[in-house]
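Subject: The two-chain model, handed over

Hi,

Here is the model I promised to pass on. Have a look at it first, and then read my notes underneath.

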Amino acid sequence: MATLLLRLLFLLGSPATLLTCAAAGASFPVNVWPKPTSMSWAEPHAAVPVSPSFHIVASSGNPYLVSAAERYAKLLFKEMYRPIVRPAINVTAGNALETLTLAVSDLAAPLQHGVDESYTLEILPTGAATVTAVTAWGAMRGLETFSQLSWRAGGRGRGRDLLLVAAGVRVEDRPLYPHRGLMLDTGRTYFPVSDILRTIDAMAANKMNVFHWHITDSQSFPIVLPSEPSLAEKGAYGEDMKYTVEDVKRIVEFAMSRGVRVVPEIDSPGHTASWAGAYPEAVTCAGKFWLPDGDWNRRLAAEPGAGQLNPLAPKTYEVITNVVNDLTSLFPDGFYHAGADEVTPGCWQADPTIQADLERGGTLSQLLERYVSAVHPLVVSRNRTAVFWEDVLLDAAVNVSTSLIPPDTTILQSWNNGANNTKLIVQAGYRAIVSSASFYYLDCGHGDFVGNNSIYDDPNSDYKADGGSWCGPYKTWQRVYDYDIAYGLTPEEAQLVIGGEVAMWTEQVDTAVLDGRVWPRASAMAEALWSGNRDASGRKRYAEATDRLIDWRQRMVGRGVRAEPIQPLWCRTRPGMCNAVQ
Amino acid sequence: MAASPYFLLLLFLFHPLAALASLAPARSQAPPPRVPQKVQVWPKPVSISWPLAAYTPISPSFSIRASPSHPSLRHAIAHYTRLIRTERHAPIMAPVNYTIVGVPIRLLALSVSDPDVPLGPGVDESYTLSVPPNSSSADISSATPWGAIRGLETFSQLAWSSGAAAAGGQPIVPSDIQISDHPLFTHRGILLDTARNYYPVRDILRTIRAMAANKLNVFHWHITDSQSFPIVLPSVPNLANFGSYSPAMRYTDQDVRRIVRFAEAFGIRVIPEIDMPGHAGSWAGAYPEIVTCANKFWAPTAKPALAAEPCTGQLNPLNPKTYRVAQDVLRDLAALFPDPYLHAGADEVNTACWEDDPVVRGFLADGGSHDRLLELFLNATRPFLVHELNRTSVYWEDVLLGPKVSVGQTVLPHDTTVLQTWNNGAENTKRIVAAGYRAIVSSASYYYLDCGHGGWVGNDSRYDVQEKEHDGMPLFNDPGGTGGSWCAPFKTWQRIYDYDILHGLTEDEARRVLGGEVALWSEQSDATVLDGRLWPRASAAAETLWSGNKGSNGRKRYANATVRLNEWRHRMVARGIRAEPIQPLWCPMHPRMCHLSQ
């Protein structure tokens with residue numbers, strides 16, 4: 001300890017950097033993303049060194065928490081975060097922080113929707129720290145907060161390599177919404193397991209708690225299911241582009257140890273061309289060009305890769321039963337996402353048996369009802385809540401009666417028409433997950449991926465309007481941050497909104513660029529859903545959030561996440577100077 | 001669902017014709033199949049003749065020799081020898097119907113007729129490449145070393161790893177192939193802005209390596225801007241000392257020489273740009289007295305903005321010290337960068353920023369004009385650049401076409417001035433060449449790689465709109481809105497590929513278009529995302545400027561290019577360039593099925 005004190009004296013003697021700036025507004029010299037609900041830091045702001053023998057004490061009752069404690073103790077020293085603007089903080093030459101103690105009242109509480117994630121973190125000036133939480137999952141949120149309050153001293157002198165942590169801090173924190181997710185599409189594009197793990201790790205760092213895994217789509221079927229192995233065998237992009245049972249277990253366990261639920265989605269009956277390799281008899285319009293004669297009204301799919309499960313084929317039900325059984329065995333979460341978006345009339349109409357059925361007076365909606373009335377009970381029988389895309393209820397052409405999707409066992413995920421569709425969903429009595437494409441679709445504004453498209457070559461085309469992206473323009477972090485997912489709802493309706501998900505559709509994304517497309521924009525949603533997008537006075541706090549997000553992005557990059565920059569570095573060192581309005 | 005590429009690899013091994021593959025003398029058993037030529041070289045060469053679908057393995061002892069040998073080629077020979085020996089390119093869709101014939105190729109012989117031609121504007125980059133049947137050596141002939149380097153890249157892309165037993169684990173190249181190739185435009189570049197955000201040297205080197213792979217030949221280095229001044233100049237080191245983001249975010253003269261040498265070894269020119277008199281806020285740290293309106297909020301309420309974006313500051317044309325510093329800067333640049341071109345910026349001069357200065361206000365009150373201020377600046381810097389430093393001056397179009405501030409043509413003699421266009425698409429190119437200037441085309445509507453990524457300026461309430469934008473509301477967040485990007489939408493590779501940089505020009509005017517540059521302005525880019533922002537969209541421009549965007553029938557070939565670009569991007573990724581995907585993998589595996597019209 002004597003040595004440590006000696007080093008501290010050097011640190012205190014070092015001159016402050018030119019870049020040091022005063023704390024502005026509601027921000028602290030060191031901040032936590034997402035901003036906690038309540039945080040106090042005694043003034044003058046102080047920090048204590050973290051002892052080289054620092055450890056985190058967690059009771060052994062929950063193995064996930066134990067592994068989280070070990071991980072965060074390592075992270076602190078591995079990270080040695082260097083802030084862009086060095087905090088002007090007095091380092092207390094007192095006791096160094098030796099232990100962080102986790103006190104959890106209900107260690108056995110399972111990770112599930114609505115689980116208590118609240119925690120209290122206290123770091124005393126004397127160098128003792130505790131996280132108090134009801135559940136292990138809340139304690140993990142507290143660990144993350146703790147890690148973000150540490151940084152490397154920097155500057156000159158022998159103390160520059162010291163790891164510091166804010167002292168005299170008390171954080172009381174809990175999320176606004178219980179469902180804060182990221183959807184990743186591994187059907188258009190395969191992502192190696194390592195990318196998925198890194199993404200889940202980054203989610204936990206952002207206190208996001210639901211990894212919505214859109215596993216399959218028309219383009220590929222990458223998951224190897226024990227009862228239906230031929231789906232991946234014939235439907236995956238390649239031998240090394242499959243998720244094995246072991247991969248899935250690894251992902252689920254990895255997520256669990258970070259307090260992240262994994263909600264699997266196998267999209268059907270639309271978006272299933274990839275099933276046709278194994279079961280051509282169960283898939284309509286597979287192998288056909290998606291847009292006959294370039295006529296949108298005659299399309300067989302919303303984008304290239306046409307194919308839908310045939311509700312009139314007995315094989316369909318045999319396969320989907322196996323799929324749902326396998327998925328619910330592999331994924332322990334209480335939610336199962338069954339897709340059901342964008343059922344395209346042209347694809348079903350291309351099938352002779354369906355044509356005959358329609359000629360006999362059947363309707364497309366009846367076909368979907370037939371399918372959903374088989375799938376929904378199947379999901380519920382496996383003790384799962386069924387999640388569907390909003391289309392199943394709101395699609396103008398093909399939809400089902402509410403009686404087939406009882407609100408107590410059904411959640412609907414909105415993506416069209418912004419707040420309007422969220423309202424329609426909750427007014428119908430359903431719980432809603434909000435993924436409005438106008439705010440939360442991370443792929444938008446990147447032009448179109450469809451080839452042989454003359455709009456790019458025609459100066460008089462409508463290229464200028466949207467650049468070919470149906471949901472353009474690009475959603476900046478401010479756009480994501482500002483979204484009020486309960487906009488226009490009555491307090492009672494708002495109760496039914498369980499949260500939101502940013503969505504990464506991957507027509508133009510793969511492992512090469514994943515991080516930059518997702519982060520830090522997903523972080524913007526993470527804060528809005530954790531502690532909101534308004535300050536204490538009720539005003540939107542996007543201006544104040546800018547510098548905090550730059551810092552957080554910097555920390556994420558240091559942790560190995562290739563998040564994109566949101567401004568020139570110049571901006572961070574001149575607070576307010578890069579604003580639209582000063 | 002079709003088989004995966006890996007599955008196909010297995011398939012062709014059992015293909016009856018593949019079974020004929022042999023290292024025995026060529027065509028001993030059956031003639032190789034005649035198939036439509038399918039050689040994946042990007043940019044597509046001007047002319048390829050490859051009558052039979054036969055391949056020859058590369059020998060494990062493969063080497064490259066130049067005669068006469070020349071120092072300019074030493075690095076390229078080492079690089080390509082290593083690449084060709086070690087790369088095992090596995091195509092997404094491997095050819096299935098071919099034979100393996102002939103003896104392994106052990107030597108690639110380069111013959112260069114004029115090895116001493118220096119790298120510079122307009123240098124001959126043509127080459128011919130042949131892999132004769134039944135020969136253990138292949139040949140590249142070119143007029144200059146720079147043409148030979150293009151040929152080496154082509155040869156490297158001809159090679160792929162079939163996995164066929166007959167190839168003995170070695171890559172194979174088309175046998176009996178003849179390629180004759182040369183660029184349409186002599187200036188094919190990338191602009192990288194290292195001032196808004198800093199890029200480590202290794203990112204620049206990787207970018208240059210990727211440029212060579214795409215046969216691009218100009219790295220336009222927009223080194224400084226208002227946000228930072230990262231280059232350490234020996235005569236004026238304080239510009240970087242006080243203008244760079246941090247000591248770790250500077251380019252030393254050693255760094256610069258390394259970059260220039262590395263680029264030259266790949267036949268790539270480095271054109272340095274120090275933007276002035278605008279975009280010079282970062283100079284104020286060292287020389288506050290020569291910079292007007294520095295460190296002011298860029299968009300004061302109810303007044304004209306002081307800069308086009310946050311971070312203000314312009315050199316003051318009325319302060320004599322401005323010219324002492326500017327000439328030091330230019331002299332140091334010329335010493336560091338051997339290229340005959342030097343880019344001196346001069347875009348977006350802001351009148352309000354100058355007017356912020358009392359001396360300037362006095363000058364204007366006495367009857368002076370903004371145009372006269374710019375003219376003073378150019379007359380005090382340009383002749384020095386041209387006559388003392390022996391450089392061709394390159395400026396942004398603004399200097400001639402600026403709506404608010406510009407100068408007359410007499411200030412900018414045609415023979416020593418090149419103008420780079422960025423506004424109004426083909427229209428401004430036409431104005432530049434019609435005025436008699438040589439033009440470099442960087443139209444923001446096609447070639448700006450930063451566009452369509454939304455705005456980055458903070459505290460912007462325009463995003464905070466919860467409802468669908470209806471009549472009477474400005475379109476901003478909904479489809480058709482810019483989302484905050486002045487040059488939205490995003491330029492897809494097809495948009496870039498389709499641009500005809502000579503659109504609307506007479507033949508005589510067209511001759512003055514040197515070529516084009518895609519531009520990456522770095523407000524929202526840094527090392528973490530660089531590759532994906534540049535590639536493969538810069539590749540689209542690379543092909544259009546090398547061999548054009550039309551097929552032999554004269555029709556735009558973007559449809560055909562789609563599959564090829566998917567393959568090329570796949571190969572670049574394997575070479576360590578994190579290029580973004582342009583389509584789901586399903587698309588190249590199902591050719592034409594992802595078209596808009598079949």
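How many bridges join strand E10 (residues 218–224) of chain B to strand E11 (residues 269–276) of chain B? There are 6, and the two strands run parallel. If you want a place to look along that pairing, go to His222(B), whose bridge partner in E11(B) is Glu273(B).

Before going further, a word on confidence, since this is a predicted model. The predictor gives the complex an ipTM of 0.94 and a pTM of 0.94. Chain B has a mean pLDDT of 93, with 94% of its residues at 70 or more. The stretch to be wary of in chain B is residues 1–29, where the pLDDT is below 50. That stretch still has 67 contacts in the model beyond near neighbours in sequence.

Now the barrels. In chain B, E10 and E11 belong to a closed barrel of 8 strands, which runs E9-E10-E11-E14-E15-E16-E17-E18 with parallel pairing. Neighbouring strands there are turned by 30° against each other on average, ignoring direction. Helix H18 (residues 537–547) of chain B lies across two strands of chain B, E9 (187–193) and E18 (513–520). H18(B) runs at about 155° to E9(B).

Chain A has a barrel too: 8 strands close up in the order E8-E9-E10-E13-E14-E15-E16-E17, again with parallel pairing. On average, neighbours in this sheet are turned by 30° against each other, direction ignored. One of the pairings is between strand E9 (residues 210–216) of chain A and strand E10 (residues 261–268) of chain A, parallel and over 6 bridges. Within E10(A), Val262(A) is what stands opposite Phe211(A).

The helix I'd look at beside that barrel is H10 (residues 364–381) of chain A. H10(A) lies across four strands of chain A, namely E10, E13 (335–339), E14 (385–389) and E15 (410–414), and runs at about 140° to E14(A). H10(A) also has a helix partner, H7 (residues 314–330) of chain A: their axes come within 10 Å and cross at roughly 25°. That angle makes H7(A) roughly parallel to H10(A), and the crossing is right-handed. From H7(A), the residues involved are Thr316(A), Tyr317(A), Ile320(A), Thr321(A), Val324(A) and Asn325(A). They meet Arg370(A), Tyr371(A), Ala374(A), Val375(A), Leu378(A) and Val379(A) of H10(A). By class, the contact of H7(A) with H10(A) has 8 nonpolar, 3 polar and 1 charged residues.

For another helix pair, go to chain B. There, helix H10 (residues 358–365) packs with helix H11 (residues 370–388) at an angle of about 120°, their axes 10 Å apart. H10(B) and H11(B) are therefore oblique to each other, and H10(B) passes H11(B) in a right-handed crossing. On the H10(B) side the contact is made by Val360(B), Phe363(B) and Leu364(B), and on the H11(B) side by His370(B), Arg372(B), Leu373(B) and Leu376(B). These divide into 5 nonpolar, 1 polar and 1 charged residues.

Away from the barrel list, have a look at strand E2 (residues 54–67) of chain B. E2(B) pairs with strand E3 (residues 99–100) of chain B in the parallel sense over 2 bridges, and Tyr55(B) stands opposite Ile100(B) there. With strand E4 (residues 105–112) of chain B, E2(B) runs parallel and is joined by 6 bridges; Ala66(B) has Leu110(B) as its partner in E4(B). With strand E7 (residues 172–174) of chain B, E2(B) pairs in the antiparallel sense over 3 bridges, where Thr56(B) is partnered by Val173(B).

Finally, some backbone oddities. Most residues other than glycine have a negative phi, and most peptide bonds are trans. Here are the exceptions I noted:

- The bond from Glu43(A) to Pro44(A) is cis, with omega near -5°; Pro44(A) is found in strand E1 (residues 38–57) of chain A.
- The bond from Ala488(B) to Pro489(B) is cis, with omega near 0°; Pro489(B) lies in the loop between helices H14 (444–447) and H15 (493–498) of chain B.
- Asp293(A) has a positive phi, near 55°, and lies in the loop between strands E11 (283–284) and E12 (308–309) of chain A.

Over to you!

Definitions and conventions: Residues are numbered from 1 along each chain as its sequence is written. Chains are lettered from A and ligands numbered from 1 in the order in which they are written. This is a predicted model: local features need pLDDT of at least 70, side-chain atom pairs count only at pLDDT 80 or more; totals for chains, interfaces and linings use all residues. Side-chain values use heavy atoms; hydrogens and water are left out. Axes are lines fitted to C-alpha atoms, for helices over the stretch in contact, and angles run from 0 to 180 degrees between N-to-C directions. Angles under 35 degrees count as roughly parallel, over 145 as roughly antiparallel, 65 to 115 as roughly perpendicular and the rest as oblique. A crossing is left-handed if the near helix is turned anticlockwise from the far one by less than a right angle, and right-handed if clockwise. Contact means heavy atoms within 4.5 Å. Ala, Val, Leu, Ile, Met, Phe, Trp, Tyr, Cys and Pro count as nonpolar, Asp, Glu, Lys and Arg as charged, and the others, Gly among them, as polar. pLDDT is the predictor's confidence in each residue, from 0 to 100. Two strands pair if DSSP finds at least two bridges between them.
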